[in-house]
Amino acid sequence: MKSTLNLLLFFITTLVYAQTGSVNITVYDDFTKKPLEVIIKVQNSDRAVSGTGNVQMSELQPGNYSFEITSESYATGFLNDISIVPNQNLSFSVGLQKTEQKIEEVVISKKVYKTTAESPISLRNITSEEIQKNAGSNRDVSRAILSFPGVGSTATFRNDLFIRGGSSAENKFYIDGIEVPVINHFQTQGASGGPRGIITVDFIKDVDFYSSAFPARRNGVLSSLFEFNLKQARKDKLGYKAIVGLDDLQLMADGPLSRDQSWSGLFSVRKSNLQLLFKALGLPFLPSYYDANFKVSKKYKSGDELYFIGIGAIDRFEFNNNAEKTLTNLTLIERLPKSPQWNYTVGVGYRHLAENGNWLFTVSRNTLDNQAIKYFRNIETPENLLYDYKSQEIENKLRIDRNLSIKDVQLSFGTNLNFATYKNHSTIKNVTQNAVNFDNLDVNLNVMQYGVYIQAAKKFFDERVQISAGTRFDASNYSDKTNNPLEQFSPRLSLSYRFAPQFAFNFNSGIFYQLPVYTALGFSENGNFTNKNTLSYIKNSHLVGGFEFNGKNNLRITLEGYYKHYKNYPFSLRNQISIANIGADFGVVGNEPLDSRGSGETYGFEVLAQKRTLNNFYGIAAYTFGYSKFSNMNENLLPSSWDSRHILTLTTGKYFGRNWNIGARFRLQSGLPETPYDLQRSALVNIWNINNGPLQNFTQLNSLRGNVAHQLDIRAEKKWIFKKWQLTAYVDVVNIYGSESPSNLPVVNLQRDENYNGIISNPSAPQDQQTYLLETGKQDRNTPLPYFGLIFEF
């Protein structure tokens with residue numbers, strides 16, 4: 001036995017001989033996209049190389065590196081936390097911003113943290129490595145964003161994000177300039193949340209996250225914009241990465257697709273293991289999914305680029321009838337529907353470098369197929385059918401963007417077209433505030449949207465002051481209320497004033513519009529589009545200002561105050577509430593009679609202290625204080641469902657010797673408003689048998705508060721570097737101590753007999769007066785979610 005162990009140790013020692021890796025860095029003008037002559041230096045080292053456009057640095061020992069990139073008349077750029085893998089040639093691209101300041105003025109010209117002329121404030125940038133090492137994120141960007149200020153959430157197992165008090169329906173997502181409406185598995189239709197992200201984080205170079213100051217080229221953004229920038233494929237040969245995890249299995253490949261390396265590709269497929277994990281944890285629902293991502297690109301000698309991207313998912317759902325029959329589990333099983341869903345986005349982009357800038361042409365198509373079926377007590381007989389929901393959203397989009405420089409003015413303009421089809425063929429029974437509704441939908445809606453924009457930026461007073469101004473106009477042929485682009489006049493103004501080498505004051509004001517969701521536009525009764533004469537574009541006016549400090553050792557501190565004012569928000573005529581209060585659960589938002597009477601406002605301030613990796617340590621501290629209010633039936637502003645007054649997040653991590661990385665994140669969020677139940681009406685047999693649970697009393701909208709939500713997440717990983725490959729083992733535990741449920745509402749279900757049938761308190765009464773005996777209990781504590789796995793890189 002001892003000799004066997006010695007032989008094994010000798011074998012491992014022989015293998016752990018770290019060959020070197022290399023990196024290609026393509027550097028270009030961030031505005032014109034033209035290649036630059038640069039010097040690239042390894043931080044905390046004397047190692048440096050120079051070249052024009054694409055520069056290679058070879059013979060790098062495996063490990064984590066940050067690179068400093070300088071070019072004459074340009075602000076210094078950085079590539080942070082790049083993991084060099086043995087026997088691999090990685091590729092990255094960096095855009096530098098033009099400046100007239102001298103390179104020696106390092107405090108002014110270094111760009112460790114990203115800002116732009118149109119978005120000098122409310123813009124955060126997060127790299128792929130930062131996402132992957134973020135504790136509790138499990139390699140999901142939507143969860144990594146929780147480390148930043150202004151970002152609230154609703155549950156430990158979902159990706160619903162409410163940004164600065166807005167609903168999750170107000171977020172937009174783009175991948176390399178192509179809009180991707182669905183980025184989560186089991187996405188809530190009419191919103192944007194779900195339990196798991198679809199985008200392959202290994203293919204992301206970085207993400208630009210905007211919580212305001214949205215650039216004019218993007219339409220339909222009210223609360224947040226996510227711009228995903230994909231990395232370049234490696235140049236030497238096809239490389240492979242495999243992840244064997246407790247929650248999923250994934251296989252990736254990237255590299256050249258032609259001998260001259262002008263064609264390259266990124267490919268990924270993934271299969272869920274969540275159903276096995278959730279079953280082992282005793283959860284009552286068992287989700288499963290498949291997804292795939294790809295990008296294929298062609299680089300021309302002229303610098304032009306042609307690329308194709310695709311992302312898609314198939315989702316399935318089953319019940320775990322063997323789960324312990326607790327009050328919470330029984331409630332979930334009886335309320336949740338079976339909800340198969342699939343979606344995809346495919347698109348093509350072509351970037352042409354012109355003499356003084358560039359053109360970008362993109363065409364894309366996306367589809368969401370959402371179904372749900374539910375029977376009373378899950379007994380699948382025709383008389384027990386509660387709803388059979390089948391819908392599709394199909395969009396075909398064209399965008400044209402032009403960037404050019406006229407002397408010292410940067411100018412951008414362009415247009416977008418969207419031809420959409422919404423289909424819904426469903427039978428639905430539901431209970432609302434004062435009625436039981438039977439909806440039979442047979443919808444085939446065609447909608448066209450279009451928009452134009454222009455934006456310009458210029459620097460003044462030796463570049464201490466930078467101003468950007470722009471506007472866009474949007475319209476739709478949906479109705480007379482949406483077809484005049486002058487009524488969706490969307491101006492915006494940004495100002496940045498660097499009044500000291502390390503300090504700046506930043507400001508933005510703008511008006512933003514969003515067309516209501518297709519479920520709202522397409523709702524019909526008796527063959528007519530019910531909401532066609534009542535819905536308008538949602539209007540949101542932003543005012544944001546704050547200070548920024550950039551210190552030594554990659555330290556950045558920001559203080560921002562914000563105010564947002566909403567008009568024309570869709571308002572539920574059945575429940576008499578703004579639909580800004582819903583959208584953080586499985587299901588559909590907006591599929592009901594609505595008008596545009598809703599209004600609201602959110603305001604507060606944020607503090608961020610961030611330190612990117614230096615000396616093997618990184619950390620983020622973020623605090624948000626805010627209010628979120630939307631109107632009720634009497635047009636009074638009440639706390640919304642996202643009115644979390646305090647959000648505190650502390651994120652930290654450190655690289656240790658022997659390739660260990662350990663991180664932690666603590667989040668604390670004050671209790672969210674909750675609407676009490678109407679237990680008397682809920683107990684009626686005819687009501688419960690349709691709703692399968694208690695009804696909320698919307699006359700007391702958000703009059704209660706939930707519990708303070710807090711959780712601690714931890715992550716640890718260890719790398720083993722072999723001769724031609726690398727192995728990483730990781731463990732990521734979400735909510736390690738199993739905190740109390742954030743909801744303070746009771747769990748309500750039926751008192752049951754020995755056959756689990758509900759007990760009727762007055763069986764001799766007329767049927768419409770019979771009531772069930774109800775049982776109430778306390779919410780179960782949140783379940784810690786452990787994720788662990790192995791990552792193989794070749």
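Colleague: How many helices and how many strands are there in the chain?
Modeller: This is a predicted model. Both kinds of element occur in the chain. The count is nine helices and 46 strands.

Colleague: What is the radius of gyration of the chain, and how does it stand against the globule rule?
Modeller: For 794 residues the globule rule gives 28 Å. The value for the chain is close to that, so the chain is as compact as a globular protein of that length. Its radius of gyration is 27 Å.

Colleague: What does the C-alpha trace span along its principal axes?
Modeller: The span is given along each principal axis of the chain. It comes to about 90 × 80 × 45 Å.

Colleague: What share of the residues counts as buried?
Modeller: Buried means under 20% relative accessible area. The chain has 794 residues. Of these, the buried share is 58%.

Colleague: Which strands stand at the edges of the open sheet with β8, β15, β16, β11 and β12?
Modeller: The five strands run in the order β8-β15-β16-β11-β12, with mixed pairing. An edge strand here has a single partner, so one side of it is left without a neighbour in the sheet. The edge strands are β8 (123-127) and β12 (178-179).

Colleague: Within that sheet, which residue of β16 is the bridge partner of Lys-172?
Modeller: Strand β11 covers residues 171-175, and strand β16 covers residues 224-230. They pair in the parallel sense over five bridges. The partner of Lys-172 in β16 is Leu-225.

Colleague: Which residue in the turn between β24 and β25 has a positive phi?
Modeller: Strand β24 (residues 385-406) pairs with strand β25 (residues 409-431) in the antiparallel sense, over 18 bridges. Arg-399 stands opposite Asn-416 in β25. The two strands form a hairpin with two residues between them. The turn residue with a positive phi, about 60°, is Lys-407.

Colleague: How many residues lie between β25 and β26?
Modeller: β25 also runs antiparallel to strand β26 (residues 436-460), joined by 23 bridges. Thr-415 stands opposite Val-452 in β26. β25 and β26 form a hairpin, and the number of residues between them is four.

Colleague: Is Phe-294 buried, partly exposed or exposed?
Modeller: Phe-294 lies in strand β20 (residues 285-299). It belongs to a nonpolar surface patch, whose members include Tyr-240, Trp-263 and Phe-794. Partly exposed falls between 20% and 50% relative accessible area. Phe-294 has 32% relative accessibility, so it counts as partly exposed.

Note on methods
Residues numbered from 1 in each chain as written. Predicted model: local features only at pLDDT ≥ 70, side-chain atom pairs only at ≥ 80, totals over all residues. Heavy atoms only, no water. Patch = residues over 30% accessible without salt bridge, like charges linked within 9 Å, V, L, I, M, F, W, Y side chains within 5 Å. Areas by Shrake-Rupley, 256 points an atom, 1.4 Å probe, with all protein chains shown as cover. Salt bridge = Lys/Arg side-chain N within 4 Å of Asp/Glu carboxyl O. Buried < 20%, exposed > 50% of the residue type's maximum accessible area, 1.4 Å probe, protein only. Pairing = 2+ DSSP bridges. Rg over C-alpha atoms; globule rule 2.2 N^0.38 Å.
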